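Colleague: Before we turn to particular residues, I should like to see the structure itself. Please take me through the aromatic contacts, the strand pairing and the backbone geometry in turn.

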Amino acid sequence: VVDGEGSLGAGGLDWALGIVSSRAFRDDVVGHYICPGIDLFNHDYAPKANAILDAEIAMAVHNPEMGTVRVIADDDIQPGQEIKFTYAKVPNEVLLNYYGFVPEQNPHDDVVVFPSLRDCINYVSGGLDRDQMEEAVSRVLHALRTWEPQGRTPSSDVYEGDLNRLTLNINGLDGRLVTALSVVTQLFETQQSIGEIILNRVRERLDHYSTSLGEDEFEISELEAGTPEHTAMLLRISKKRILESARAALSDIVQEQSKKTDVELD
C-alpha cells in the first residue's frame, strides 16, 4: 500500500523495492523470494564460502508450508566462525544493483564486448539498414546451425537470443563471442582478424573512461571503504582490470599474427 490507510508513507515504495531487491533470492521457477534470517548471511566465493543455499520452494507458490530454505555447511563450523555462501554467480554490476556491494575479487565478473548479435554485425559490417540487418542475422544463424569446425558439433537450436551479452573476463573470451565473430567476419569478408576486432573494441571501452586504471587505484586508496564513492570506484576498477588484461593479451596475439603474416609474405 503506497497511499491511504495502512500505507508506508512518503518514500515507502522506494523502501519496499529496496528491501526486495537487496534481500531477495532468485529461484528459476518462482522468481524472487524473501526468507527472513537467511538474508543475514554474508556473500563470498569458494574457498571462503563455507556453505550453500538449498531452496525447494516451487510448491510454496500454492502452499507456503510446502517450501523449505536451508543453509547447508560444507564442513564443520567452529564457534565464532562466520557462515557465508555465494548469493549468485553474476557480474559485479548485478551484485551492486541488487545487493548494494562490489566484491574485491569476483571470478564471475565480465565486460560486455557486444550487447547482442546485431551489435556485433553492425560493428563488423560498418552499418546496415533494417532489411540488410534482418538478412545478415538470418544468414549468421543459418551458418551457426550448420557450421562444423574442428571440435564443434552444429546445433539446430541456436537462436538470436542465445547470442546476447558477448563478453570477455579475466580468464579469457566468451566462446560465443569468438564463434559469432568467426561467422560474421566470413560473411562480410573483413580484412581484420577476430583478435584485431576485439582488441579495437577493448581499446574503445578503455578510451571511454576519463581516467586510467592507475589513477583509479590511487584515488580509491583515499576513499572511505563502504561509501557510495568507494563502491562505485570498485566497480569501475574491476571492469578496467578485465579490459587491461584483455588488451595486453590480445596485443601479444595480434603482434604474433602480424609477424607470421610478414614471414609468409617474404
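Modeller: Let us begin with two tyrosines, Tyr-87 and Tyr-99, both of which are buried. Please bear in mind that this is a predicted model.

Colleague: What is the relative accessible area of Tyr-87?

Modeller: A residue is called buried under 20% relative accessible area. Tyr-87 meets that limit and is therefore classed as buried, its value being 17%.

Colleague: How many aromatic pairs does the structure hold, and are the rings of Tyr-87 and Tyr-99 stacked, tilted or edge-to-face?

Modeller: The structure holds nine aromatic pairs. In the pair of Tyr-87 and Tyr-99, the ring centres are 4.9 Å apart and the planes meet at 55 degrees. Planes under 30 degrees apart would count as stacked and those over 60 as edge-to-face. The angle of 55 degrees lies between these limits, so the pair of Tyr-87 and Tyr-99 is tilted.

Colleague: Where in the chain do these two tyrosines lie, and how many residues apart are they?

Modeller: Tyr-87 belongs to the loop between β6 (84-85) and α2 (92-99), whereas Tyr-99 is in helix α2. Their pair links distant parts of the chain, with a separation of twelve residues.

Colleague: What is the geometry of the pair formed by Tyr-87 and Phe-101?

Modeller: Tyr-87 and Phe-101 have a centre-to-centre distance of 6.1 Å. The angle between their planes is 70 degrees, and the pair is edge-to-face.

Colleague: Where does Phe-101 lie, and is it buried, partly exposed or exposed?

Modeller: Phe-101 is in the loop between α2 and β7, 14 residues from Tyr-87. Partly exposed residues fall between the limits of 20% and 50%. With 24% relative accessibility, Phe-101 is therefore partly exposed.

Colleague: Which residues form one aromatic cluster with Tyr-87, Tyr-99 and Phe-101?

Modeller: The two pairs just described share Tyr-87, with Tyr-99 in one and Phe-101 in the other. The cluster that holds these three residues is completed by Phe-25, Tyr-33, Phe-41 and Phe-85.

Colleague: Which residue lies over the face of Tyr-123, and at what distance from the ring centre?

Modeller: A charge sits over a ring if, among other conditions, CZ of Arg is within 6 Å of the ring centre. The residue over the face of Tyr-123 is Arg-201, at 4.8 Å.

Colleague: Turning to the strands, what is the order of the open sheet, and which strands stand at its edges?

Modeller: The open sheet has three strands with antiparallel pairing, in the order β7-β8-β9. Two of these have a single partner strand each, so one side of each is left without a neighbour in the sheet; these edge strands are β7 and β9.

Colleague: How many bridges join β8 to each of its partners, and which residues stand opposite one another?

Modeller: Strand β7 (residues 111-114) pairs with β8 (residues 166-169) over three bridges, and Phe-114 has Leu-166 as its bridge partner. On the other pairing, β8 and β9 (residues 172-173) are joined by two bridges. A hairpin of two residues connects β8 to β9. In this second pairing, the residue opposite Asn-169 is Gly-172.

Colleague: Which peptide bond is cis, and what is its omega?

Modeller: Most peptide bonds are trans. The cis bond runs from Ala-46 to Pro-47, and Pro-47 is found in the loop between β3 and β4 (51-56). Its omega is near 5 degrees.

Colleague: What are the phi values of Arg-165 and Glu-189, and how accessible are these residues?

Modeller: Most residues other than glycine have a negative phi. Arg-165, in the loop between α4 (130-146) and β8, has a positive phi near 55 degrees, and Glu-189, in the loop between α5 and α6, has a positive phi near 50 degrees. Arg-165 is partly exposed at 32%, whereas Glu-189 counts as exposed at 65%.

Colleague: Finally, which residues make the nonpolar surface patch of about 360 Å²?

Modeller: One member, Ile-34, lies in the loop between β2 (31-33) and β3 (42-43), and at 42% relative accessibility Ile-34 counts as partly exposed. The patch is made by Ile-34 together with Trp-15, Ile-19 and Val-20.

Definitions and conventions
Residues numbered from 1 in each chain as written. Predicted model: local features only at pLDDT ≥ 70, side-chain atom pairs only at ≥ 80, totals over all residues. Heavy atoms only, no water. Patch = residues over 30% accessible without salt bridge, like charges linked within 9 Å, V, L, I, M, F, W, Y side chains within 5 Å. Areas by Shrake-Rupley, 256 points an atom, 1.4 Å probe, with all protein chains shown as cover. Salt bridge = Lys/Arg side-chain N within 4 Å of Asp/Glu carboxyl O. Helix = DSSP H or I, 4+ residues; strand = E, 2+ residues; numbered from the N terminus. Buried < 20%, exposed > 50% of the residue type's maximum accessible area, 1.4 Å probe, protein only. Pairing = 2+ DSSP bridges. Phe/Tyr/Trp six-rings, centres within 6.5 Å; stacked < 30°, edge-to-face > 60°. Lys NZ or Arg CZ within 6 Å of the ring centre and 35° of its normal.
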